[in-house]
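Here is a short tour of one model, going from a single side chain to its cores and a helix pair. Have the sequence and the 3D view open as you read.

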Amino acid sequence: MSKEMPKHFDPKGSEERWYSFWMEHDYFHADEHSRRLPYSIVIPPPNVTGSLHMGHALNNTLQDVLIRYMRMTGRETLWMPGTDHAGIATQNVVEKELASGGMDRHALGREKFIEKVWEWKEKYGGLILQQLQRLGSSCDWERERFTMDEGLSRAVREVFVRLYREGLIYQGDYIINWCPRCHTALSDLEVEHHDHKGHLYHIRYPAVDGSGEVVVATTRPETMLGDTAVAVNPADERYRDLMGKSFHLPMTRRDIPLIADDYSDMEFGTGAVKVTPAHDPNDFDIGDRHDLPKVVVIALDGTMTHEAGERYEGMDRYECRRRLVDDLRDGGYLVKVEDYDHAVGQCYRCQTVIEPILSRQWFVRMKELAQPAIEAVKDGRIRIVPGNWEKTYFEWMNNIRDWCISRQIWWGHRIPVWNCGDCGDVIVQVDEPGKCPGCAGPDLKQEEDVLDTWFSSALWPFSTMGWPDETDTLKKFYPTSCLVTGFDILFFWVARMIMMGMKFMGDVPFREVYIHALVRDSEGQKMSKSRGNVIDPLVVIDQYGADAFRFTLTAFAAMGRDIKLSEDRIEGYRNFINKIWNASKLVLSYLDGVTDEDLSTLPHAGEIHNRWIRSRLSAVIRQVRESIEGYRFNDTAHLLYQFFWHEYCDWYLELAKPSLYGDRGEEARRETALTAGSVLDSFLRLLHPVMPFVTEEIWQRMPSDGPSIMAASYPEDKPKDEDTKSEEIMGVVMDFITTIRNLRTELGIPPSARVRATFVCPDKEVASMLERSLTDIIRLARLSEIHFEESRGEHAGLSAAVVRGQEVLISTAEDLDLSAETERLSREMEKVQAELTRVEKKLANEQFLEKAPPEVVQKNRDLMEELTAQKGKLLENLERLNGR
């Protein structure tokens with residue numbers, strides 16, 4: 001390719017060119033036989049139904065930053081990609097497609113329907129992975145997995161069988177969350193709870209012998225048709241005389257007992273609760289304790305059963321509620337109805353209100369699996385970042401319930417259980433049996449249900465690497481190094497992976513878990529189609545380029561803080577790319593004949609601006625590496641932006657121009673050209689994990705022997721380059737130039753006008769620093785001359801400012817506007833006083849003095865001293881002006 005840089009950076013062309021180049025050269029592929037230290041991440045597998053949204057974009061950008069960084073530091077990196085079969089979601093999509101053609105899955109039959117889903121998957125299932133490539137994700141695409149591919153399906157069956165044989169998987173009747181729309185069970189985590197304005201119905205149950213009554217309250221009156229008891233607290237004196245008596249269940253022909261149970265809260269309502277063991281998990285437990293019958297009155301389709309009574313049978317549950325309330329009112333059983341706000345559980349897929357229903361399902365016993373997973377986080381084998389999520393993790397794990405893993409759908413891993421029609425045996429094994437092992441009969445019927453999607457996802461870190469076989473990939477890359485994920489699947493997925501990894505691999509699945517926040521709109525609102533505030537990542541990439549988008553996400557990925565995203569921010573970072581491009585064009589124009597070796601073996605720096613920028617680069621390299629390894633991605637972006645734009649471009653290149661132009665001799669020209677080129681080379685490598693495309697585009701034009709920036713090493717800090725004296729001198733020089741520039745702007749002095757300056761410097765060391773850089777100060781501050789004084793004399797017509805305890809006075813082309821200058825100094829005084837008050841307040845705080853590190857306290861004391869001196873100088877200047 002041409003070494004000459006085009007006028008503008010072309011993101012689209014660059015992205016297509018370099019991603020193809022990287023793929024062709026296998027830069028993403030991991031070698032399990034390498035002797036390098038491993039670093040591995042498994043991608044949170046997106047649903048096969050999905051398309052790239054902001055959550056995916058953030059998650060995969062951060063993973064790619066880590067992977068590209070670790071690859072450049074010399075680690076053998078594996079980023080395992082793949083997709084999840086997403087049982088309920090995918091089945092819903094295909095069912096809708098069938099419905100549009102007037103067909104449903106039942107008419108098609110299970111086998112043909114599964115074929116249709118596979119066809120859909122082959123056609124659309126890879127879309128999101130292609131979109132991740134547009135983002136620049138450097139996954140090892142040769143290892144792409146799917147939760148229902150043959151290898152992972154075998155792992156799923158193996159885990160099920162082992163858990164079953166250990167008694168950790170069982171089948172039982174239990175209250176499950178049932179979605180009448182999706183016709184399947186949902187785990188507790190798949191139920192979303194939303195606030196709902198409902199009603200609390202108070203219903204009177206009269207004693208059969210006429211001796212009294214109890215009043216119960218419910219938000220779901222239709223479930224009373226399945227009541228089999230009323231419970232009160234055994235210590236509740238109000239019901240002592242009614243205990244053990246029977247009560248008539250209104251609108252039915254049944255009588256139910258009054259029982260004593262500690263679950264009843266004497267302080268809530270009347271202290272009496274209706275007990276519906278078939279339609280409430282807490283009531284189910286009460287029913288077991290008291291051996292109560294379980295009467296199912298709501299069917300799986302959300303209609304009322306025969307047990308609900310002839311008047312209500314076949315009705316929709318809400319239609320039944322309306323009629324029943326009317327009947328209770330007419331019969332004198334409805335005491336009152338109150339408005340009542342409460343949380344209602346909804347299906348996470350279709351938002352249908354779920355129904356707690358008694359059903360025979362498959363469960364995993366979780367307590368035994370949870371304990372090692374709790375210990376792994378407690379003893380530090382797994383670190384969760386930010387650390388506050390550990391508390392949430394422990395709360396959930398310590399109160400874990402058995403996991404309902406069966407789903408009444410067709411798309412998914414069918415449960416590997418067969419029932420023998422000849423002898424009744426239950427066969428649980430990995431491979432399909434040809435005949436019954438017990439009686440040799442051929443009449444075998446497999447379980448109809450499939451496993452919860454999260455069951456296969458829980459095995460992802462090791463199943464994707466070939467388990468149950470002992471593969472070289474597993475030996476090299478398990479446990480993985482880090483998991484990057486959102487907090488919303490901490491329990492759905494992360495906790496279950498830890499439990500399964502501990503159980504089947506005997507080790508944690510990952511060493512660290514980084515939990516990132518949500519991407520919201522610019523107002524902090526959650527993005528949703530209904531609000532119309534969704535930003536499409538693919539549209540953004542088309543408009544601004546992947547690099548600008550990635551840098552924006554990284555820049556706002558502050559730990560524990562949601563990202564407020566707007567297109568203005570993305571556009572702003574596209575301007576940063578333009579800055580990088582234009583600065584690189586300038587520097588490259590001075591690198592003719594320069595080699596890779598020249599840039600890596602720099603001569604001694606005689607010029608102070610070269611010593612300064614080399615010193616700053618070393619410090620920034622160290623800080624960037626620390627920020628990436630500490631998951632402080634926003635700090636990474638901030639450091640890179642500040643260094644390149646404000647230090648390298650705004651200051652260094654401006655200070656370097658006389659040397660680059662040859663005004664200071666050939667030795668200074670070569671030294672500066674090599675320094676500028678070397679720093680640019682290091683910066684491109686520093687930036688590459690965040691902005692892979694533009695860095696490759698520029699780096700290919702640099703004097704380099706390497707084939708790709710991806711194969712280059714990540715910069716390391718050089719303590720020998722760190723020069724605190726040069727940094728101090730340049731700090732003083734830049735502060736003085738900035739102060740003069742600000743004064744000129746405030747006074748309305750045009751850029752073309754050169755003015756005379758007087759520096760009042762009682763501090764001889766500061767004066768010495770300034771004197772070394774007089775020509776640069778005069779050039780960059782647009783001065784005609786500079787005079788130095790140790791103390792302030794009478795200077796009529798001069799405007800003053802205080803910097804580092806010294807004074808800067810500049811003359812104007814015409815007489816000074818006294819009122820404007822007084823107003824300016826007064827504003828400056830207000831700012832200084834506000835900051836001084838803040839620091840004084842902090843230093844007066846005993847807790848701050850006791851708890852803050854000594855260096856922080858001293859830093860505040862030094863700042864107070866500086867601000868006090870600045871205030872004094874400003875007061876002097878104001879007094880002089882007022883006395884004129």
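## Around Thr223

Beyond its neighbours within four places in sequence, Thr223 is in contact (heavy atoms within 4.5 Å) with Thr218, Lys274, Thr276, His279, Val297 and Ile298. Thr223 lies in the loop between strand 8 (213-218) and strand 9 (229-232), strands being DSSP E runs of at least two residues and helices H or I runs of at least four, numbered from the N terminus. Its relative accessibility is 2%, so Thr223 counts as buried (under 20% relative accessible area, 1.4 Å probe, protein chains only).

The Thr223 side chain reaches the backbone oxygen of Arg220 at 2.7 Å. It also makes a polar contact (N or O atoms within 3.5 Å, one able to donate a hydrogen and the other to accept it) with the side chain of Lys274, at 3.0 Å.

## About the model

This is a predicted model, where local features need pLDDT of at least 70 and side-chain atom pairs pLDDT 80 or more, while totals for chains, interfaces and linings use all residues. Numbering starts from 1 along each chain, and side-chain values use heavy atoms, without hydrogens or water.

## Nonpolar cores

The largest nonpolar core (buried Ala, Val, Leu, Ile, Met, Phe, Trp, Tyr and Cys joined through side-chain atoms within 4.5 Å) has 195 residues, of which Phe160, Phe455, Met500, Tyr648 and Phe759 touch the most other members. Helix 21 (residues 633-660) gives the largest share, 14 residues. A second, separate core of 36 residues includes Ile203 and Leu328.

## A helix pair

The contact between helix 6 (residues 127-135) and helix 16 (residues 537-544) involves Gln131, Arg134 and Leu135 of helix 6 and Leu538, Ile541 and Asp542 of helix 16.

Terms used:
Axes fitted to C-alpha atoms, helices over the stretch in contact; angles between N-to-C directions. Buried < 20%, exposed > 50% of the residue type's maximum accessible area, 1.4 Å probe, protein only.
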